[in-house]
Amino acid sequence: MSIKRLLCPRRRRRIPAQFSWVDHRLVRDRHICGCGPEALALYLLLVTVADAEGLSYYSDSTAAKLLSMEESTLRGARRDLVAAGLIAYRKPLYQVLSLEPEPSAHSDRTARAGGPASFAEILKGMIGDSP
């Protein structure tokens, strides 16, 4: 039995505040632009089957069969989703990523070094991340 662990802990998926299982930012922030129908079908499958942190194990053959596509097409769809920053993949584990922007390398270095933080970072630290 494999132990699941987050591939990108900083981008752990959280259920969005609006009434929808699929985050509205997917469309509103145009994350779907440039993704073909096969990639979007795979994304919907992964969002549907993933646990609360966005993790799932689906083999290429199972996912391809569920989506009625060739395994080579599925692999291309997965590459597109990784390139779009929507998922992380390390065989056999998928992670649906948060649509929140990643913290910049500069803010990470500053925080680790104990340097100054922005007002937004201070407020976020005071109130915490809300689901």
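**Close-up 1. Helices H2 and H4 cross roughly perpendicular to each other in this predicted model.** The two helices pack at an angle of about 80°, with their axes 8 Å apart, and because angles of 65 to 115 degrees count as roughly perpendicular, H2 and H4 are described in that way. On the H2 side the contact is made by Glu-38, Ala-39, Leu-42 and Tyr-43, which meet Thr-73, Leu-74, Ala-77, Arg-78, Asp-80 and Leu-81 of H4. Sorted by class, the residues of this contact are six nonpolar, one polar and three charged.

**Close-up 2. Helices H2 and H3 are also roughly perpendicular to each other.** Here the axes come within 11 Å and cross at roughly 110°. Ala-41, Leu-42 and Leu-45 of H2 meet Ala-63, Leu-66 and Leu-67 of H3, and by class this contact holds six nonpolar residues, with no polar and no charged ones. Leu-42 of H2 takes part in this contact, and Leu-42 is also listed among the residues of H2 that meet H4.

**Close-up 3. Helix H2, residues 37-49, with its buried residues and what covers them.** The helix has 13 residues, which at 1.5 Å a residue should span 18 Å, and its end C-alpha atoms are indeed 18 Å apart, so the expected and the computed span agree. Buried within H2 are Ala-39, Leu-42, Tyr-43, Leu-45, Leu-46 and Val-47. The cover over these buried residues includes elements from several parts of the chain, namely the helices H1 (25-28), H3 (60-67) and H4 (71-83), together with the strands S1 (55-57), S2 (87-90) and S3 (93-96).

**Close-up 4. Helix H4, its buried residues and the glycine that follows the helix.** H4 has 13 residues and reaches 18 Å from its first C-alpha to its last, close to the 18 Å expected at 1.5 Å a residue. Its buried residues are Leu-74, Gly-76, Ala-77, Arg-78 and Leu-81, and they pack against H2, H3, S2 and S3. After the helix comes Gly-85, whose phi is positive, near 75°.

**Close-up 5. Cys-33 and Cys-35, two cysteines without a disulfide between them.** The sulfur of Cys-33 has its closest cysteine sulfur in Cys-35, at 8.5 Å, and this is too far for a bond because a disulfide needs the two sulfur atoms within 2.5 Å. Cys-35 is likewise in no disulfide, and the count for the model comes to zero disulfides. The surroundings of the two residues can be described by their accessibility: Cys-33 counts as partly exposed, at 41% relative accessibility, whereas Cys-35 is buried, with a relative accessible area of 12%.

**Close-up 6. Ser-59 in the loop between S1 and H3.** At 37% relative accessibility, Ser-59 counts as partly exposed. The C-alpha atoms of Ser-59 and Tyr-94 are separated by 9.9 Å, although the two residues lie 35 residues apart along the chain.

**Overview. The elements of the protein and the contacts between them, as a setting for the close-ups.** The protein contains six helices and three strands, and from the N terminus on these elements run α-α-β-α-α-β-β-α-α. Of its 131 residues, 31% count as buried. Among contacts between residues at least 6 apart in sequence, 67% join residues that are at least 24 apart.

Key:
Residues are numbered from 1 along each chain as its sequence is written. This is a predicted model: local features need pLDDT of at least 70, side-chain atom pairs count only at pLDDT 80 or more; totals for chains, interfaces and linings use all residues. Side-chain values use heavy atoms; hydrogens and water are left out. Helices (H or I, at least four residues) and strands (E, at least two) are DSSP runs, numbered from the N terminus. The expected span of a helix is 1.5 Å times one less than its number of residues. Buried means under 20% relative accessible area, exposed over 50%, partly exposed in between (1.4 Å probe, protein chains only). Contact means heavy atoms within 4.5 Å. Axes are lines fitted to C-alpha atoms, for helices over the stretch in contact, and angles run from 0 to 180 degrees between N-to-C directions. Angles under 35 degrees count as roughly parallel, over 145 as roughly antiparallel, 65 to 115 as roughly perpendicular and the rest as oblique. Ala, Val, Leu, Ile, Met, Phe, Trp, Tyr, Cys and Pro count as nonpolar, Asp, Glu, Lys and Arg as charged, and the others, Gly among them, as polar.
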